[in-house]
Amino acid sequence: MLPTTPYGAGVREIKAPTPLDVSGFEGCLVRNPDDPAEWGILYKQHATPERSRFTVAHELGHFVLHRALQSRFECDNRGVTSGQFDGRNIEREANEFASNLLMPLDLLRRLLGDQRKVTLHLLSDIARTFEVSFEALCLRFIEATDQRAILIHWDQGFLKYQRASRNARMTRARVRQSESAQEPFAGTLAADESVVQCFDGVECSAAIWCAEEGAHMKLREFKHSYTDRDRVITLLLLEGAEPRSWDRSWQDENSFDCSDQFASNGHPTTSER
């Protein structure tokens with residue numbers, strides 16, 4: 001049966017997105033308590049246009065996927081940025097909806113072209129094409145690429161999260177972990193404060209980053225520092241390797257996210273996408 005309105009049964013109108021200036025606020029989807037057929041989306045007033053666009057798409061994801069669950073969704077930076085989630089994964093689902101809406105994978109793969117020639121220059125150009133933030137595009141690249149790739153976000157000099165591509169996870173390529181808050185490894189671009197940007201990348205031994213990589217394996221490290229230098233993005237593109245067909249543990253493995261651990265220990269992070 002077709003819905004009774006363009007928005008679905010029981011919905012007459014979605015109000016135009018409205019900016020809101022409240023500390024700690026990122027976005028909100030809310031049902032009008034006086035008119036249940038009306039919904040509205042609010043977003044952080046002083047965010048960048050790219051950031052606001054993603055937040056509105058995220059709240060639209062809540063409307064499409066989750067509005068039957070509750071009548072109000074309030075999202076902070078952590079939920080919209082990294083898709084940290086409750087037991088129902090609704091924040092991650094809303095993020096996936098926004099990414100699919102703003103950065104379709106088939107179009108992204110066409111724009112990437114020969115992925116062996118990917119640089120941060122290319123990813124930056126594509127981010128402008130999609131009108132999304134550089135970090136949002138890099139995260140989407142990790143989902144789209146057929147290369148072994150790892151994206152790392154450093155916040156205040158410490159690892160905030162890392163995301164690995166499917167082929168990286170299949171070959172068990174992962175950044176070495178430490179038991180305490182992790183800083184960049186000595187000898188890497190990420191640790192070199194004299195290097196602010198390296199959009200073309202430099203080649204180095206993969207073992208510097210990933211202990212399980214063979215001594216002969218290489219990777220290309222790229223670096224992007226934000227204006228205040230407190231936040232740094234590292235992209236690692238590793239040489240190809242055969243999947244470990246006998247090892248299926250990667251299927252259940254999510255990329256390591258330090259902010260999950262910090263939050264659980266009472267140290268929430270505040271970085272923005």
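Contact here means heavy atoms within 4.5 Å. The views below come from a predicted model, in which local features need pLDDT of at least 70, side-chain atom pairs count only at pLDDT 80 or more, and totals for chains, interfaces and linings use all residues. Residues are numbered from 1 along each chain as its sequence is written, and side-chain values use heavy atoms, with hydrogens and water left out.

**View 1. Welcome to the whole chain, with its eight helices and 10 strands.** Helices (H or I, at least four residues) and strands (E, at least two) are DSSP runs, numbered from the N terminus. Of the 273 residues in the chain, 47% are buried. Buried means under 20% relative accessible area, exposed means over 50%, and partly exposed lies in between (1.4 Å probe, protein chains only). Among the contacts with a separation of 6 or more, 61% are between residues 24 or more positions apart.

**View 2. Take a look around glutamate 38, a residue of strand β4.** Is glutamate 38 buried or exposed? With 15% relative accessibility, glutamate 38 counts as buried. Setting aside residues up to four places away in sequence, glutamate 38 touches Arg12, Glu13, Lys15, Val30, Arg31 and Asn32. Glycine 10 is 28 residues from glutamate 38 along the chain, and the C-alpha atoms of the two are separated by 8.8 Å.

**View 3. Here arginine 12 and glutamate 38 form a salt bridge.** A salt bridge is a side-chain nitrogen of Lys or Arg within 4 Å of a carboxyl oxygen of Asp or Glu. Side chains of opposite charge can pair when their charged atoms come close. In this pair, the closest N and O atoms are 3.8 Å apart. Distant parts of the chain are linked here: arginine 12 belongs to the segment before β1 (13-14), and glutamate 38 to strand β4 (residues 38-44), 26 residues apart. Arginine 12 is partly exposed, its relative accessible area being 45%. A network of salt bridges links Arg12, Asp35 and Glu38.

**View 4. Two further salt bridges can be explored here, one between glutamate 13 and lysine 15 and one between arginine 51 and glutamate 26.** How many salt bridges does the structure hold? There are 10 in the structure. Between glutamate 13 and lysine 15, the closest N and O atoms are 3.7 Å apart. Glutamate 13 is partly exposed at 30% relative accessibility, and lysine 15 is partly exposed with a relative accessible area of 39%. For arginine 51 and glutamate 26, the closest N and O atoms are 2.7 Å apart. Arginine 51 lies in helix α1 and glutamate 26 in the loop between β2 (18-20) and β3 (27-31), so this pair ties together parts that are 25 residues apart in sequence. Both arginine 51 and glutamate 26 are buried.

**View 5. Helix α1 (residues 49-66) meets helix α3 (residues 90-102) in this view, their axes coming within 8 Å and crossing at roughly 115°.** The axes are lines fitted to C-alpha atoms, for helices over the stretch in contact, and angles run from 0 to 180 degrees between N-to-C directions. On the α1 side, the residues making the contact include Arg53, Phe54, Ala57 and His62; on the α3 side, they include Ile90, Glu91, Ala94 and Phe97. Sorted by class, this contact has 11 nonpolar, six polar and three charged residues. Ala, Val, Leu, Ile, Met, Phe, Trp, Tyr, Cys and Pro count as nonpolar, Asp, Glu, Lys and Arg as charged, and the others, Gly among them, as polar.

**View 6. Meet histidine 62, which lies in helix α1.** Histidine 62 is buried, with a relative accessible area of 0%. Leaving out neighbours within four places in sequence, histidine 62 is in contact with Leu29, Arg67, Phe73, Cys75, Ile90, Glu91 and Ala94.

**View 7. Two residues that are not glycines, glutamate 131 and glutamine 156, have a positive phi.** For glutamate 131, phi is about 60°, and the residue sits in the loop between α5 (120-130) and α6 (134-144). Glutamate 131 is partly exposed, with 46% relative accessible area. Glutamine 156 also has a phi of about 60°, in the loop between β6 (148-155) and β7 (158-164). Glutamine 156 is exposed, with a relative accessible area of 54%.
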